[in-house]
Amino acid sequence: MKKLICLLCATMFFTCALFAASFKTNATVYVSVKSTSLKSSTGFFAKKTATVTYGDALIVLESNSKKSRVRLSSNASVTGWIPNGSLTSKKIAKSGSTSVNASSNELALAGKGFSEEAENAFKSSNASLNYEEVDRVEKITVSDSELSAFISEGHLKEGE
């Protein structure tokens, strides 16, 4: 009997989690990452339509369990698809609107539960890890033209 109850509870939890992953149409959501692109479709290699940054307000046009099609609340002509993991329904105050002395990167990390103190504690307990290499990799960028050339040369499609 206990196994059946546990199985039912687990099923209900995962069902709720599935529905919680999407946003309601016409809801206002906020970008919860430092910076990301809105894309023309849900495909991985879809063309970029705009770049949004931490705290930008967006209006949900449609949503599924992975991505939402949104428009900028400040410019209705700018639309695109964005991963739901880059969004939050909690209002985020941009650093220009209040007296905050933190970068957008620090604010985005704080919103995900990181702080300078947490990072320093992790570094001190994992001193053998190569953090300079992580910093170097994070600085790598790929331009839209380089990405387009890669897609063409590899005969790739937009794909999910």
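Start by selecting Val137, which at 45% relative accessibility counts as partly exposed, a class that lies between buried (under 20% relative accessible area) and exposed (over 50%), judged with a 1.4 Å probe on protein chains only. The model in your viewer is predicted, so local features need pLDDT of at least 70 and side-chain atom pairs count only at pLDDT 80 or more, whereas totals for chains, interfaces and linings use all residues. Residues are numbered from 1 along each chain as its sequence is written, and side-chain values use heavy atoms, with hydrogens and water left out.

Val137 lies in helix H4 (residues 131-138), where helices are DSSP runs of H or I with at least four residues and strands are runs of E with at least two, numbered from the N terminus. Add Ile140 and Val142 to the selection, and you have the residues that make a nonpolar surface patch of about 280 Å² with Val137. Such patches are made of residues with over 30% relative accessible area and no salt bridge, with nonpolar side chains (Val, Leu, Ile, Met, Phe, Trp, Tyr) joined within 5 Å and like charges within 9 Å; the areas themselves come from the Shrake-Rupley method with a 1.4 Å probe, and for residues only the protein chains shown count as cover.

Stay in H4 and select Glu133 and Arg136, which form a salt bridge whose closest N and O atoms are 2.5 Å apart; the term requires a side-chain nitrogen of Lys or Arg within 4 Å of a carboxyl oxygen of Asp or Glu. Being three residues apart in helix H4, Glu133 and Arg136 are separated by about one helical turn. Glu133 is partly exposed at 34%, and Arg136 is partly exposed at 46%.

The count comes to two salt bridges, and the tour can move to the one between Arg69 and Glu62, with the closest N and O atoms 2.9 Å apart. Arg69 is partly exposed at 28% relative accessibility, and Glu62 is partly exposed with a relative accessible area of 34%.

Next, display strand S4 (residues 57-63) and strand S5 (residues 67-72), which pair in the antiparallel sense over five bridges; two strands pair if DSSP finds at least two bridges between them. S4 and S5 form a hairpin with three residues between them, and Ile59 has Arg71 in S5 as its bridge partner. Extending the selection to strand S6 (residues 75-83) shows S5 and S6 running antiparallel, joined by six bridges, with two residues in the hairpin that connects them. Val70 stands opposite Gly80 in S6.

Follow the chain to Ser86, found in the loop between S6 and S7. Ser86 is buried, with a relative accessible area of 9%. Apart from neighbours within four places in sequence, Ser86 is in contact (heavy atoms within 4.5 Å) with Tyr30, Val31, Ser32, Val33 and Thr36.

For a last stop, select Phe44 and Phe45, since a search of the whole structure finds one aromatic pair. Their ring centres are 4.9 Å apart and their planes stand at 85°, so the pair is edge-to-face; rings of Phe, Tyr and Trp (its six-membered ring) pair if their centres lie within 6.5 Å, and planes under 30 degrees apart count as stacked, over 60 as edge-to-face and the rest as tilted. Phe44 is exposed, with a relative accessible area of 57%.
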